[in-house]
Amino acid sequence: MDPFESIKQTFFQECDELLTDAEQGLLAMEAGDADGETINAVFRAVHSVKGGAGAFGLEDLIRFAHVFETVMDDLRSGKMELTDEVAKTLLRAFDVLADHVAAARDGGAVDEGRSAPILSEMKALIGGDGLDDDDLGGDEDFGFVPMTVAIEGDDAPAFDPPALDETPAAFEPLADLEPEPVSGARVWRIGFAPKSEMYAKANESGLVLRELARLGEMDVRLDADALPPLDQLSAETAYLHWTVLLTTEADEATIREVFEFVEDDCVLTIEPEDGQAAPPPPSSDLSDDALAAASADAPLDIAALLARVAGEAPTSEAVPEPVAEPEPAADLDVAALIAKAQAPIAPSAAAPAPKAEPIAKAAPPAGGGQAITPTATIRVDLDRVDRLINAVGELVIQQAMLSQQVMESGLARSSNVALGLEDLELLTREIQDSVMAIRAQPVKSVFQRMPRLAREVADMTGKRVKLVMEGEGTEVDKTVIERLTDPITHMLRNAIDHGLEDPEGRIAAGKPAEGVVRLRALHRGGRIVIELQDDGRGINRPRVRGIAVERGLISEDAVLSDEEIDNLIFQPGFSTAETISDISGRGVGMDVVRRSIQGLGGRITISSEPGKGSKFTMSLPLTLAVLDGMVVTAAEQTLVAPLSAIIESLTPRAEDVHFVGGKDAVIRIRETFVPLIDVGVALGFRETALPPGQGVAVLVESEGGGKAALLVEAIQGQRQVVIKSLEANYQQIDGIAAATILGDGRVALILDVDALVTTQHRRKPAPRAEKRMAG
Amino acid sequence: MSMIDTLSHTAGARRELIAFRIGDQEFCVDIMQVREIRGWTACTPLPRTPSYMKGVINLRGAVLPIVDLGARLGLATTEPTARHVIMVVSVGGRTLGLLVEAVSDIINMSDDMVQPTPDVACDQVKTFVKGLFAIDGRMVSLISLDRVLPETEAEAA
């Protein structure tokens, strides 16, 4: 890949992390439990985003991030008070910031109609204070140039000399803004010697000095002695040092704070001038560090540099000098990076990869402190993981078969073979769990989109909502996660739009104006449970009932329990919103949510208390590769019915079975009649159904909501089965969802309950081929 | 690609075939298509399939459909016993099992030994038998497996 592109990708990956951090910080600020460090963290995150954006010339993003950063800066310096309003504005601004990042990544632009108002809102917060166009412009002009240079590997004279001239010019007028030194002020001597890493991280000494100028009156002297002749100048090397005499009331800590972002990447000395002891020239300080660095890195760097120089200046005289001069040597990493990035020029790019990395990753660590400790990860093709999972599935079956055969052979349980098999079984289980864990991912990736959604819906509906999330670390199979987003999104919208009252309504009901929606994930009984709970008005049962009657879903005199009424909202064609709002009334109802949950082998239930709120509970399998099934016998065949479709099982009494028309049987279960389907007949395994009163009826519910009773001879029990595709080597069969392999090594078919419940299926004639073969 | 095409393109080339018996007839397929040969194990029948589909078995974790090749070729339906064998073959990216009576021989032959199938009335013969040849006084039919599974038949129809 183009090295520039890959660095850019890294930047965007880190942007995601930074944005997540910033959002957490902002949420904490909104919740009112933010301390100075939280604000600092958000500031640093936004700053890092801006810095990286500068490197890639993402103008829109820079401009927005800059204003954002300025607000954060005012907050942390205490110039602005953190009010609820500010926090809310910032959260909305954050959404736009995230949009800007996304737009920069995917191309395209953020809707100005969204971006501009929030931008001016933030500017209004800052007032004219601290942010004018000059400031912004100046920032862009020289704030990020060095980074651009570093990456593109431009040649020599690019270390922009204008900075030399501009820097004093830029801060002097600002210094004037500052009132005259107040009594009690001290004079500090500050030695500031940036290393090239500082520039590589898109920091700019001019800005730092300008910031310093805000503290008081200062006198800056530039030490440009280290600047080599032009032909020996390395564009990415920091040659300039400054000595500042600052008259200020501020203490050392305050001064140090100015250097917060660059402290690790420069040599900084801060001493009271009255202490007489003249500070050592910064360059001598540098030597220690740099010497150490040089001894370690020099040979490789020189190789890289040589390779680079070879292309343009055949003379080698210039090269040894940096070796002797420890200071530039420390900076040659950058050259090594360039050599690496420009492989054609420097085929000898022996520059070690680990070295390139810190620079590629430079932007975010500039924030300092907030370093994200990465867990070591590798990227693996999903196919490979799936193959591994398959192989392990086979191992499990093979192991089960072997155990069964050993048992049947009559070996004693205490025999070595049997004991060894037990160990093997434990080991197999462990391998299976570990392999499944590879595909497992925390639900965080879904959850983290929700706060934003909640804010947007709340804005649109004029409601106030606080989203509380728990259990984001709960892990579930990747395929399940991917298909969780839509149902959760929809339910959250519903909860805010329909569940919560508006602030006035809440206050009238004696509740706090701000509604609370809780989104929670947890593991329970080998499944993942996701709960969404609101403290709103609860389900309006009379209204739900009224609508259901109106839509013809129930008859007017139907007697329904509260629970049954609540569940009506899952019926297709039911939508409680009186006015179809564009938030939750997009033609997708809760029936779609339920169908997608059931499609994942899950179930969704609701409990609601009028005036107190509703709670939706989804229970899903941890993986789609295994299925909880009920093993049944029908027409002497062993079949598996998905447990998620089963409501209950019962022994039908002959007097409960009735016939409608010719052959269609129905069974009375309590007060309702449901079709009774003989599985053996439905699948064509036998001609005539079991006589009434025999066998076991399994009451199932299809994804479409239709109920039916499946008549089988016997239930063998429940077990978890590994799903095997029939299509891989054969084709789809009507009425059969997939196959699995049972402990005895035999293949068992998994019933497709939906297909069985649909009446057309039962009326379908036998396949043509069979007739022809028979005839 | 059907076997007869391969044959016509490389006339005279040597190839190895696996011969097997169904009833009193002998058939063969290209050895390269055969993955393994295993003893008969009970199948799980599949619903709503033609009668020549015996069902599926577990082949080391994969679900393998089993075709009663005799029935498929229009001979009598096979009542499998422990002496019957399943030839695991791969056809068009799929793996399936063919129920046959016994594997009889490995034949080394050249393509020019193959005679075209005589014009006979039976559709199934036309569909599957791609040629005949005589070896040691026996007649062996070379068959193509491309259309053994029902859905390929449906596609062709």
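**Figure 1. The largest nonpolar core of the predicted model, with Leu212(A) in close-up**. This core has 68 residues. The residues with the most contacts inside the core are Phe68(A), Leu90(A), Ile190(A), Phe192(A), Leu212(A) and Phe259(A). Helix α4(A) contributes the largest share of the core, namely 11 residues. Apart from residues up to four places away in sequence, Leu212(A) touches Ile190(A), Met218(A), Val244(A), Leu246(A), Ile255(A), Val258(A) and Phe259(A). A second, separate core has 60 residues, among them Ala634(A) and Val679(A) from chain A and Tyr52(B) and Leu98(B) from chain B. In soluble globular proteins, nonpolar side chains tend to be buried together.

**Figure 2. The salt bridge between Arg452(A) and Asp99(A)**. The closest N and O atoms of this pair are 2.9 Å apart. Arg452(A) belongs to helix α19 (residues 450-461) and Asp99(A) to helix α4 (residues 84-106), so the salt bridge ties together parts of chain A that are 353 residues apart in sequence. The partners fall into separate accessibility classes because Arg452(A), at 21% relative accessibility, counts as partly exposed, whereas Asp99(A), at 18%, counts as buried. The dividing value is 20% relative accessible area, under which a residue is buried.

**Figure 3. Salt bridges with buried partners in chain A and chain B**. In chain A, the side chains of Arg686(A) and Asp678(A) meet with an N to O distance of 3.0 Å. Arg686(A) and Asp678(A) are both buried. In chain B, Asp30(B) and Arg15(B) form a salt bridge with an N to O distance of 2.5 Å. This pair links distant parts of the chain, with Asp30(B) in strand β2 (residues 25-30) and Arg15(B) in strand β1 (residues 14-22), 15 residues apart. The relative accessible area is 11% for Asp30(B) and 11% for Arg15(B), and each residue is therefore buried. Elsewhere, Glu470(A), Arg518(A), Arg520(A), Glu531(A) and Lys615(A) are joined into one network by salt bridges that share partners. Over all chains, the count comes to 42 salt bridges. Side chains of opposite charge can pair when their charged atoms come close.

**Figure 4. Helix α17 of chain A and the elements that cover its buried residues**. The helix comprises residues 416-439, 24 residues in total. From its first C-alpha to its last, α17(A) reaches 35 Å, close to the 34 Å expected at 1.5 Å a residue. Its buried residues are Ala418(A), Leu421(A), Thr428(A), Gln432(A), Val435(A), Met436(A) and Arg439(A). The cover over these residues includes helices α16 (382-408) and α20 (478-482) of chain A. Strands β5 (440-442), β7 (475-477), β12 (626-634) and β20 (714-722) of chain A are also among the covering elements.

**Figure 5. The surroundings of Asp477(A) in strand β7 of chain A**. Asp477(A) has a relative accessible area of 3% and is therefore buried. With neighbours within four places in sequence left aside, Asp477(A) is in contact with Arg439(A), Ala440(A), Leu622(A) and Thr623(A). Of these partners, Arg439(A) is also one of the buried residues of α17(A).

**Figure 6. The contacts of Val517(A) in strand β8 of chain A**. The strand spans residues 515-524. Val517(A) counts as buried because its relative accessibility is 0%. Beyond its neighbours within four places in sequence, Val517(A) is in contact with Val465(A), Lys466(A), Leu467(A) and Val468(A), and with Leu492(A), Ile496(A) and Leu500(A). Leu532(A), Gln533(A) and Asp534(A) are also in contact with Val517(A). Between Val517(A) and Met469(A), which are 48 residues apart in sequence, the C-alpha to C-alpha distance is 8.4 Å.

**Figure 7. Chain B and its interface with chain A**. Chain B contains four helices and 10 strands, arranged along the sequence as α-β-β-β-β-β-α-β-β-β-α-β-β-α. Of its 157 residues, 50% count as buried. Among the contacts in chain B with a separation of 6 or more, 57% are between residues 24 or more positions apart. Chain B exposes about 7000 Å², of which carbon and sulfur atoms supply 52%. At the interface, 33 residues of chain A are in contact with 29 residues of chain B. The two chains bury about 2700 Å² between them, with 56% of this area on carbon and sulfur atoms. The count of salt bridges between chain A and chain B is zero.

Definitions and conventions. Residues numbered from 1 in each chain as written. Chains lettered and ligands numbered in written order. Predicted model: local features only at pLDDT ≥ 70, side-chain atom pairs only at ≥ 80, totals over all residues. Heavy atoms only, no water. Helix = DSSP H or I, 4+ residues; strand = E, 2+ residues; numbered from the N terminus. Buried < 20%, exposed > 50% of the residue type's maximum accessible area, 1.4 Å probe, protein only. Contact = heavy atoms within 4.5 Å. Areas by Shrake-Rupley, 256 points an atom, 1.4 Å probe, with all protein chains shown as cover. Salt bridge = Lys/Arg side-chain N within 4 Å of Asp/Glu carboxyl O. Expected span 1.5 Å × (residues − 1). Core = buried A, V, L, I, M, F, W, Y, C linked by side-chain atoms within 4.5 Å. Buried area = accessible area lost by both parts, 1.4 Å probe.
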